[in-house]
Every structure is written in structure tokens, then in C-alpha cells.
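Thanks for coming. I will go through one chain today, beginning with a single residue and its contacts and working outwards from there.

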Amino acid sequence: IKYFLTGHPDVESLYHDISEFLLKWLPRLSSDHRHYLTVAIGCTGGQHRSVYMVERLRSYLSTVLPHIQTLHRELIRKK
């Protein structure tokens, strides 16, 4: 599924919008003494598209913001 989603114009646009939003606002929230933020991304089923997007965002944002944690609720339920 990763290879299907990579390079898809809508997926790339969504990724860009979310990552730019977070890069802009996370430092401002942190400077206002907000020490955590919950960002939820979902899709039907919660096992493919949302997981791909969250992991891609985590990979990118963790280079700038080292204390990112992720939780894939639907994957935990399936175990």
C-alpha cells in the first residue's frame, strides 16, 4: 500500500498541508507552555492510509521535534 500511496497527488497534498501546519504551530504551542498535542488521522479501517500518513509524518517531524509518540488504535485492537 505504501507504494500505491507514495506519489499519489491527493496524498502528497494532504501530507504537505499537515506537515506544514504542524511545523508552523508546534513551536508556537510549545512556547505557550503547551507540552503535548494530540493529532488524530483516520480512514476507513485504520490499517492502511492513516497508518501510512502517521508514520510518514512521524518520520519527517521527528527530525525536527524529537519527542513525537504515535499510537495506532486500530492496529492495537486487532492484536
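Let me start with Leu-57, which, leaving aside its neighbours within four places in sequence, is in contact with Tyr-15, Ile-18, Ser-19, Ile-41 and Ser-62. Contact here means heavy atoms within 4.5 Å. Leu-57 is found in helix 3, and its relative accessible area of 5% makes it buried. On the terms: buried is under 20% relative accessible area, exposed is over 50%, and partly exposed is in between, with a 1.4 Å probe and protein chains only. One of the contacts, Ile-18, is 39 residues from Leu-57 along the chain, and the two C-alpha atoms are separated by 8.2 Å.

Before going further, some housekeeping. This is a predicted model, in which local features need pLDDT of at least 70 and side-chain atom pairs count only at pLDDT 80 or more, while totals for chains, interfaces and linings use all residues. Residues are numbered from 1 along each chain as its sequence is written, and side-chain values use heavy atoms, with hydrogens and water left out.

Now the overall layout. The chain has four helices and zero strands, and from the N terminus the elements run α-α-α-α. Helices are DSSP runs of H or I with at least four residues, strands are runs of E with at least two, and the numbering is from the N terminus. Of the 79 residues in the chain, 20% are buried. Among contacts with a separation of 6 or more, 56% are between residues 24 or more positions apart.

Some of those long separations in sequence can be followed from the N terminus. Phe-4 sits in helix 1, residues 2–5, and at 58% relative accessibility it counts as exposed. Its C-alpha atom is 10.0 Å from that of Arg-49, 45 residues away along the chain. Leu-5 and His-48 are 43 residues apart in sequence, with 9.5 Å from C-alpha to C-alpha. His-48 belongs to the loop between helix 2 and helix 3 and is partly exposed, at 43% relative accessibility.

Leu-14 is in helix 2, partly exposed with a relative accessible area of 42%. Between the C-alpha atoms of Leu-14 and Met-53 there are 8.8 Å, for 39 residues along the chain.

Back to helix 3, where we also find Ser-50. Is Ser-50 buried or exposed? It is buried, with a relative accessible area of 7%. Leaving aside neighbours within four places in sequence, Ser-50 is in contact with Ile-41, Gly-42 and Cys-43. Ile-41 is thus on the contact list of Ser-50 and also on that of Leu-57.

Next, the rings. A pair of aromatic rings is described by the distance of the centres and the angle of the planes. Rings of Phe, Tyr and Trp, the last by its six-membered ring, pair if their centres lie within 6.5 Å; planes under 30 degrees apart are stacked, over 60 edge-to-face, and the rest tilted. The structure holds two such pairs. One of them is Phe-21 with Trp-25, a tilted pair at 6.5 Å centre to centre and 45 degrees between the planes. The two residues are four apart in helix 2, so about one helical turn separates them. Phe-21 is partly exposed at 48%, and Trp-25 is partly exposed at 35%.

Trp-25 has a second partner: the charged end of Arg-28 sits over its ring, 5.0 Å from the centre. The criterion is NZ of Lys or CZ of Arg within 6 Å of the ring centre and within 35 degrees of the ring normal. Arg-56 lies over the face of Tyr-15 in this sense, at 3.8 Å from the ring centre.

Last, the largest pocket, with a volume of about 1,100 Å³. A pocket is an open set of points on a 1 Å grid over the protein atoms alone, where a 1.4 Å probe fits, with protein on both sides within 12 Å along at least five of seven lines; lining residues have an atom within 4 Å of a point. The volume is the space filled by probe spheres set on the points, which are joined across faces, edges and corners.

Which residues lie nearest its centre? Out of 33 lining residues, they are Leu-37, Thr-38, Val-39, Ile-68 and Gln-69. Helix 2 (9–31), helix 3 (49–61) and helix 4 (73–78) each supply at least two lining residues, and helix 3 gives the most, with six. The lining divides into 18 nonpolar, 11 polar and four charged residues. Here Ala, Val, Leu, Ile, Met, Phe, Trp, Tyr, Cys and Pro count as nonpolar, Asp, Glu, Lys and Arg as charged, and the others, Gly among them, as polar.
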